[in-house]
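Hi everyone, thanks for coming. Could I have the next slide up, please, and then I'll talk you through it?

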2 protein chains.
Amino acid sequence: MQNSPVSQIKRRQVIRAGTTVEQMVRAIADMIVTGVLAPGEKMDEISLATRFDVSRTPVREALRELGAMGLVDREPNRSAVVANVTEGYLHSMFEAMSELEAICARLSAERMTVEERRSLELAHRASAKLVHAGADEDYAAHNTEFHTRLYRGAHNDHIFELVTQTRARLAPFRRAQFRLPGRLARSYDEHDVIVTAIMRGEAAAAGHAAYSHVAIVSDASIVFASTKRN
Amino acid sequence: MQNSPVSQIKRRQVIRAGTTVEQMVRAIADMIVTGVLAPGEKMDEISLATRFDVSRTPVREALRELGAMGLVDREPNRSAVVANVTEGYLHSMFEAMSELEAICARLSAERMTVEERRSLELAHRASAKLVHAGADEDYAAHNTEFHTRLYRGAHNDHIFELVTQTRARLAPFRRAQFRLPGRLARSYDEHDVIVTAIMRGEAAAAGHAAYSHVAIVSDASIVFASTKRN
DNA sequence: CATTTGAAAACTGCATACAGTTTGCACACG
DNA sequence: CGTGTGCAAACTGTATGCAGTTTTCAAATG
């Protein structure tokens, strides 16, 4: 394991500060949502402690926090494992995501400032290039930002927290959503309906469009997740 | 420290099982939502440790978990404090609550089983007696159960989690909601509209009724909370 | 009298130590 | 050859100790 003191020191400076535990929470959460750690994978405290060059105490606190976030499952006297949800629960998370996005789109249509609307539309139009170029990765990044704009546009901090939290828990299960042929173009079109409704201040229409958009992604992801499992 | 093996064993048997940390999380969370600990109150680790007769380690883990739940605020090298949110954030939580309840009522209208509908209506009808008797406390208990029925009736585990979590964080700020004169009777009437819509399977109507119902409670609570603060 | 300062007290962050539990393996026994 | 049993290794849960930070309070100074 490449565990030189140098890399440790670098980590502490590069990943912006905070307590040891906070750094570990971010680092581990990142590994989970990006798929470096797969759902179901065991994470014993000693390995993590040596890997991050700290004692078990901060590791345990980080794992507990990740457990509270729903990213890892913990049982007494057992190793923590990367959260692996049942298909039923996965479905409920996707449905919740659709509902939450619908709320955000609806509220965005009502509440976004002129500046927010303008920059939403600009970013959306710009993403057309990525679709034509077939740039999966870049479009995925744009997509993440697009949805974050909707969450912020609702101007409700608590809903922002709920939707962000749900998105993090879903992340491990919807990687590669843009691998499906033709998905990029259709995603763009769906975004377009949402943006248009928001620009016109048509709250209900924006909500419905966002609901369908997420539902479509959900269906694709559930297929993906269930074919991959076991 | 009175750390006799006997008291240890007793605790483990009397307070129903789970790890030490889980017990503490439940106990402290309960103190917060019931108002034994007021928002803004400091909770230093040593006091809690001696109070629960354990070392600081499990206390720290419990506090971290409570922090992740949003019930306590933590900053590096400072004592944890019972979460004290800004008026703006409080407002966003109440709005989120309205939206979530609307979703639950809507889905309940579509998905509740015959049995669930029957027992919802029965419990609701029974609560009329409490209103006439002016039994604040008992009606509050019924009210909690009533809303829990809606959350379960939606048949979506993740939404259940989100709404439960939000309710817990709001609890400290809406105590005494039934102290306001005439509130009991109006609450019953509002419940009645929701129940009727659900029994008829009118999803949209149930959603709207639930949204208004919670919004009304929110307004009252915000007044209460802000008059009490500072 | 108000303000600054500095040292001690109090508390948090992390490491280490130890106790209790689970797991895996080897050996005995049917 | 399969199965059960017991021991050892590995790991989690909790306690304790120490280092570093914040807070408090009182004395000194203007």
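I'll go through the two chains, then the domains of one chain, and then the DNA.

A bit of housekeeping: this is a predicted model, where local features need pLDDT of at least 70, side-chain atom pairs count only at pLDDT 80 or more, and totals for chains, interfaces and linings use all residues. Residues are numbered from 1 along each chain as its sequence is written, while chains are lettered from A and ligands numbered from 1 in the order in which they are written.

So, how do chains A and B relate? In general, two copies of a chain are related by a rotation about an axis and a shift along it. Here, a turn of 180° and a shift of 0.0 Å along the axis lay chain A on chain B with an RMSD of 0.0 Å. That's the relation of a two-fold axis. The superposition is by least squares on the C-alpha atoms of residues with pLDDT of at least 70 in both copies.

Next, where they touch. We say two residues are in contact if their C-beta atoms, placed from the backbone, lie within 7 Å. On that basis, 21 residues of chain A contact 21 residues of chain B. On chain A's side, α4, α5 (87–111) and α8 (157–170) each supply at least two residues, and α5(A) gives the most, with seven. Those labels come from DSSP runs numbered from the N terminus: helices are H or I with at least four residues, strands are E with at least two. And 100% of the interface residues of chain A are also interface residues in chain B, so the copies meet through the same surface.

Now, inside chain A. The assignment gives domain 1 (5–82) and domain 2 (87–228); such bounds come from an automatic or database domain assignment. The C-alpha centres of these two domains of chain A lie 29 Å apart. Their contact takes eight residues from domain 1 of chain A and six from domain 2 of chain A. On the domain 1 side, helix α2 (residues 20–33) of chain A gives the most, three residues.

Last stop, the DNA. Which residues are closest to DNA strand D? Of the 18 residues that surround the strand, the closest are A:Asp44, A:Glu45, A:Ser79, B:Thr20 and B:Ser55. "Near" means that the C-beta atom, placed from the backbone, lies within 6 Å of the strand. The largest share of that surface, three residues, comes from α4(B).
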